[in-house]
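Me: Hey, I've got a protein model open and I'd like to go through it bit by bit. Can you help me read it?

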Amino acid sequence: MNISTVIGARPQFVKAAVVSQALKNAGIIELIIHTGQHYDEKMSQIFWEELSIPEPHKNLEIGSYSHSLQTAKIMMALENEFAHTKPSAVMVYGDTNSTLAAALVASKMNIPLIHIEAGLRSFNREMPEEINRIVTDTLSSLLFCSSDEGVKQLRKEGITVNVFEVGDVMYDAFERFKGPAISSAELYKYGIAGNEKFALATIHRPSNTDNLNNLTQILGAFSELDYMVYWPVHPRNKINLERVVLPKNIRTLPPLSYIEMQSFLHKSAIVFTDSGGLQKEAYWARKPCVTLRNETEWSETTKNNWNILAGPVKENILKAVKKEIDMNSWKRLYGDGNSAERIAKKVKEFLVNG
Ligand code: UD1
């Protein structure tokens, strides 16, 4: 019972941290392959160390290219890898180019594919991730959804066999590291006082960062807030930052580790983001979230104003900031923190029974 897990980007390291442990506990041998899609120390290595992810069996060290070339290079390396290790199944997470590459190679080699975070849709096919999700789900033999919405979506697309709602493995990680994140002194390291009111922002989607008008709208909204906005910047955006003048109340930070990020989250007053994962994490931490996109895959979080879709529009962002939230409307979403165990159990059954 050996499986190959293919991961390559930051959020996948967090997810794999909890699932790998559960697979090991279930007696499943897992060979982790790091594609090298993310390679900077602060985008990769720091996560492996901090979250004690088992050493990768192999790092393909692919790096950055255009989407097609990156996917193709990962595919070529994976085909070779699977030919040698002959995994009983291949496991992938989410919707990155690493996910797509592994899905295509596994299916070409007739190796069953297991998809964690299946059934998610933004219904925006201009997002490369949306294409990656649709293809990966179509090719998967075992599909794990974070909520009932995913199961329903797959049903609409005719995918009904071996589909399981198991909750979200990011919630497992959120719960597991909540204690260390809250007690962490990381903020002081950045000169931020414990009682300071601040916002946490992440902006990395090309539609926001490469489009100067959208980026200017977002920064314009931030400039009108009477508190600081801390923005850990993805390396791809350094170049975009050179094209704008940052308002005085915005401070950029280097990419943060998982615990650092969670620490900022727990101590923030509000979150602005165009990332998928941070929308959920803000909800779990009971923080208001303003999403800088026009659609979300995590529609459940938008109930009762917890997460407001403002798009990259200054006026909408400022309106969203003013919305009240009834704290009593919070209810648990995306599982109970034991998703990884459920996944490991089902994977084992699948490997034994097919
Ligand atoms: C990728 C995923 C996105 C996910 C995100 C998580 C795809 C299509 N997108 O986006 O879904 O939300 O990861 O963070 O797979 N770069 C570095 N150092 C690195 C990695 C990247 O400088 O370690 C720079 C390079 O200029 C590169 C650019 O960032 O070209 C984009 O990296 P890439 O991995 O292609 O996409 P992300 O934007 O990180």
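Me: Cool. Where does Asn304 lie?
Reply: Asn304 sits in the loop between strand 12 and strand 13. Strands here are DSSP runs of E with at least two residues, helices are runs of H or I with at least four residues, and both are numbered from the N terminus.

Me: Before we go on, what kind of model is this?
Reply: This is a predicted model, where local features need pLDDT of at least 70, side-chain atom pairs count only at pLDDT 80 or more, and totals for chains, interfaces and linings use all residues. Residues are numbered from 1 along each chain as its sequence is written, and side-chain values use heavy atoms, with hydrogens and water left out.

Me: Back to Asn304. Is it buried, partly exposed or exposed?
Reply: Asn304 counts as partly exposed because its relative accessibility is 46%. Buried means under 20% relative accessible area, exposed means over 50%, and partly exposed is in between (1.4 Å probe, protein chains only).

Me: And how far is Asn304 from Ser329?
Reply: Their C-alpha atoms are separated by 6.8 Å, and Asn304 and Ser329 are 25 residues apart along the chain.

Me: What about Asn305, what's its phi?
Reply: Asn305 has a positive phi of about 70 degrees, although it isn't a glycine. Most residues other than glycine have a negative phi. Asn305 is also in the loop between strand 12 (289-291) and strand 13 (307-309). With 30% relative accessibility, Asn305 counts as partly exposed.

Me: And the phi of Asn162?
Reply: Asn162 is not a glycine either, and its phi is positive, near 60 degrees. You'll find Asn162 in the loop between helix 6 (148-156) and strand 7 (163-165). Asn162 counts as partly exposed, since its relative accessibility is 26%.

Me: New topic: the ligand. Which residues come nearest to it?
Reply: Of the 19 residues around the ligand, the nearest are Gln37, His38, Tyr39, Glu129 and His234. A residue is near a molecule if one of its heavy atoms lies within 4 Å of it.

Me: How far is the ligand from the side chain of His38?
Reply: An oxygen atom of the ligand is 2.6 Å from an N or O atom in the His38 side chain. That's a polar contact, meaning a pair of N or O atoms within 3.5 Å; within protein, one must be able to donate a hydrogen and the other to accept it, and residues adjacent in sequence count only if both atoms are side-chain atoms. Asn97 has a polar backbone atom 2.9 Å from a ligand oxygen, and in the side chain of His204 an N or O atom is 3.5 Å from an oxygen of the ligand.

Me: So how much of the ligand does the protein bury?
Reply: Taken alone the ligand exposes 740 Å², and the protein buries 83% of that. These areas come from the Shrake-Rupley method with a 1.4 Å probe.

Me: Which helices supply residues to the shell?
Reply: Helix 1 (10-25) and helix 3 (67-85) each supply at least two. Domain 1 (2-168 + 335-353) and domain 2 (178-329) each give the shell at least three residues; those bounds come from an automatic or database domain assignment.

Me: Asn97 came up just now. How many residues of helix 4 are buried?
Reply: Nine of the 12 residues of helix 4 are buried, so the helix is mostly covered. Asn97 is one of them, and Ser98, Thr99 and Leu100 are also among them.

Me: Why does the span of helix 4 agree with what's expected?
Reply: Helix 4 covers residues 97-108, and at 1.5 Å a residue it should span 16 Å; its end C-alpha atoms are 17 Å apart, which agrees. The expected span is 1.5 Å times one less than the number of residues.

Me: Last one: is His34 buried or exposed?
Reply: His34 counts as buried because its relative accessibility is 2%. His34 belongs to strand 2 (residues 29-34), and its side chain reaches the backbone nitrogen of Gly36 at 2.9 Å.
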